[in-house]
Amino acid sequence: MSAYERRPSMVEILAGGAAGASGVSAKALRDLAWRQKYAGAEEYVLALDDREGAAPLRLAQTKRGELEGLGTGGTVWPAAHVLARFLAKEKRGYPPGWSALEIGCGTAAAGLAAAALGARRVALTDLGGPVLEVARRNLDANKASVARSAVEVHALDWAAPRDSAAFSMLRPTEEHFDVVLASECVLPKLYPLEPLVACLGAVIGPETVAYVAVELRTWHAFDPKARFFELCRDAGLGCETVPRDALDPDFVADDLEIWQVARSRKSPSPPPFVVERWGAGSAKVRARGVALELAEGDGVGAVAWPSAVAFCRAVLDGAFWPRLGRGARVLELGAGTGLASCFLAKVRGCAVVATDLDRHVERLRGNLEKNGALSDVPSPGSAVVRAVDWAAPLPAELLALGPFDAVVLADCAYDSRAVEPLAKTVAALWYAAHPPAALLVANEHRTALDAFLRALGKFEWAPLLTPCIDAASDLERLDCLGPDRQPPPIALFQSAPPPGDDESTETG
């Protein structure tokens, strides 16, 4: 074969250059050699043991990930290689029978490495769809290497990680995996950091250690590492960079790091209100440690809205003058999925009357029942459900359930055509023999909100609403979503307290 018939590959050139170079030049060439060896190849050969005869992992990959619906998950990235070799070096430090969870697994390089290195139970997880098929294919191709382990592939959504069937792999006495793995999940241009850290916070237990392998990239006016560490700190997670001398010296590079994440021994108190899941047919929040889950449906009145989130946080922050403590009697109009009503009943101990149109009552009742808040009669810590149509006269039965300490409207001013009936309903409540003490409003800034305020002002006996100017900002924050998916600001209004009656409903 002549020199013209066979040209050396770039990897061979780099390897040859490394052999003849010294110092910094040799190191740079070595780094490029192993990083580029399988670039564009259909199979990535990942050796965990360099001894002769040791079987490597053989991982299918594709350079057409974006076209095949795999995104970045169809490639074995250098960070995954570094993580696998780190696990090989550290394997003696794990407890007998250790378990591992890989999130955002893609080709499953790290998770399969953990299984090959002795983890007894390994869950390979990603969001779902075609990328899970890549993980299954690689699992099947490496059955011999992981034969001593129970390895399963499961869908896992970072917005609701504990809902994944992966956790069924744990023993009845266990709640968490011993080790959590993630590689090349820190890509701020593609994936917001907030959901990733929220996911880690949900899956890391008191004794769990997580390893996040990353390729450091330069972003204009943004430091992903600093932001990731900050988010971890806020979530009660300790985060540190694995020392370079703990990595495999043959597979290191200046732009590749592994971050070790664990539960802080002195974790700060959890935030009083956290949105753990939002959208896609359901919502889940946690308030003062109480989890509330809500089923959604189609239509404006059948989904949870950020105004209810802002209202709940405003109550916890004391933004409203009636504190709405235990035993406070509260009427919610347009309750929808019942987020505010569930919160008031289960977290604040209020006696709630939740109302909406007849077509929404079944879902509202179901959500209250699922969260242990449904009752037949108003009582502290529970809620009753009644059908109320703003276009019809107020039912006498509803007025008989009063007088109310507060009436709540969470995103009720959404359609300009409905604000007149809404204003008349509120005015009718205040025209009753025993009017409510307070009107509390949380609403997205819309023309319908302005129209409602004008319509209510036509009734001279109706309560005068003023903005809650001292309320904290960002009350509508949806913690499980990235910064580009946050809702617009929510306006808060309340009526003035009766003379000498400030905070009269603070009972618990």
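Let's start in the middle of things: Glu 102 has Leu 181 as its bridge partner in β6. Keep in mind that this is a predicted model. That pair belongs to a parallel pairing, in which three bridges join β3 to β6. β3 covers residues 99-102, and β6 covers residues 179-183.

Stay with β6 for a moment. How many of its five residues are buried? The count is five, so to speak a full house, and the strand is mostly covered. Look at where the side chains go: Val 179, Leu 181 and Ser 183 point one way, Val 180 and Ala 182 point the other way, and all are buried. Leu 181, the partner of Glu 102, is one of those buried residues.

From β6 you can also step across to β7, residues 209-215. These two strands pair in the parallel sense, with five bridges between them. If you want a place to put your cursor, try Val 179, whose bridge partner in β7 is Val 209.

Now go back to β3 and walk to β4, residues 121-126. β3 and β4 are parallel partners too, joined over four bridges. Ser 99 is matched with Arg 121 in β4. To get from one strand to the other, the chain passes through helix α4 (residues 109-116), and this β-α-β crossover is right-handed.

What about the faces of β4, are they covered or open? Both are covered: Arg 121, Ala 123 and Thr 125 sit on one side, Val 122, Leu 124 and Asp 126 sit on the other, and all are buried. That list includes charged-looking names such as Arg 121 and Asp 126, and both are buried. Taken as a whole, β4 is mostly covered, with six of its six residues buried.

The chain then repeats the theme. β4, helix α5 (residues 130-141) and β5 make a right-handed β-α-β unit. β5 spans residues 150-155 and pairs with β4 in the parallel sense over six bridges. Here Asp 126 stands opposite Ala 155.

Time for a change of scenery. Further along, three strands form an open sheet in the order β10-β11-β12, and the pairing here is antiparallel. The edge strands are β10 (273-279) and β12 (290-295), each of which pairs on one side only. From one strand to the next, the twist averages 10°. Between β10 and β11 (residues 282-287) there are six bridges, and the two strands run antiparallel. Arg 277 is a handy marker, as it stands opposite Lys 284 in β11. Which helix packs on this sheet? That would be α9 (residues 339-346), which touches β10, β11 and β12. The direction of α9 makes about 155° with that of β12.

Last stop: a pair of helices, α12 (residues 419-431) and α13 (residues 447-457). Their axes are 9 Å apart, and they pack at an angle of about 40°. Angles under 35 degrees would count as roughly parallel, so α12 and α13 are oblique to each other. α12 passes α13 in a right-handed crossing. On the α12 side, the contacts come from Val 419, Glu 420, Leu 422, Ala 423, Val 426 and Ala 427. They meet Ala 448, Ala 451, Phe 452, Ala 455 and Leu 456 in α13.

Notes
Residues are numbered from 1 along each chain as its sequence is written. This is a predicted model: local features need pLDDT of at least 70, side-chain atom pairs count only at pLDDT 80 or more; totals for chains, interfaces and linings use all residues. Side-chain values use heavy atoms; hydrogens and water are left out. Two strands pair if DSSP finds at least two bridges between them. Axes are lines fitted to C-alpha atoms, for helices over the stretch in contact, and angles run from 0 to 180 degrees between N-to-C directions. Contact means heavy atoms within 4.5 Å. Buried means under 20% relative accessible area, exposed over 50%, partly exposed in between (1.4 Å probe, protein chains only). A crossover is right-handed if, with the strands pointing away from the viewer, the path from the first strand over the helix to the second runs clockwise. Angles under 35 degrees count as roughly parallel, over 145 as roughly antiparallel, 65 to 115 as roughly perpendicular and the rest as oblique. A crossing is left-handed if the near helix is turned anticlockwise from the far one by less than a right angle, and right-handed if clockwise.
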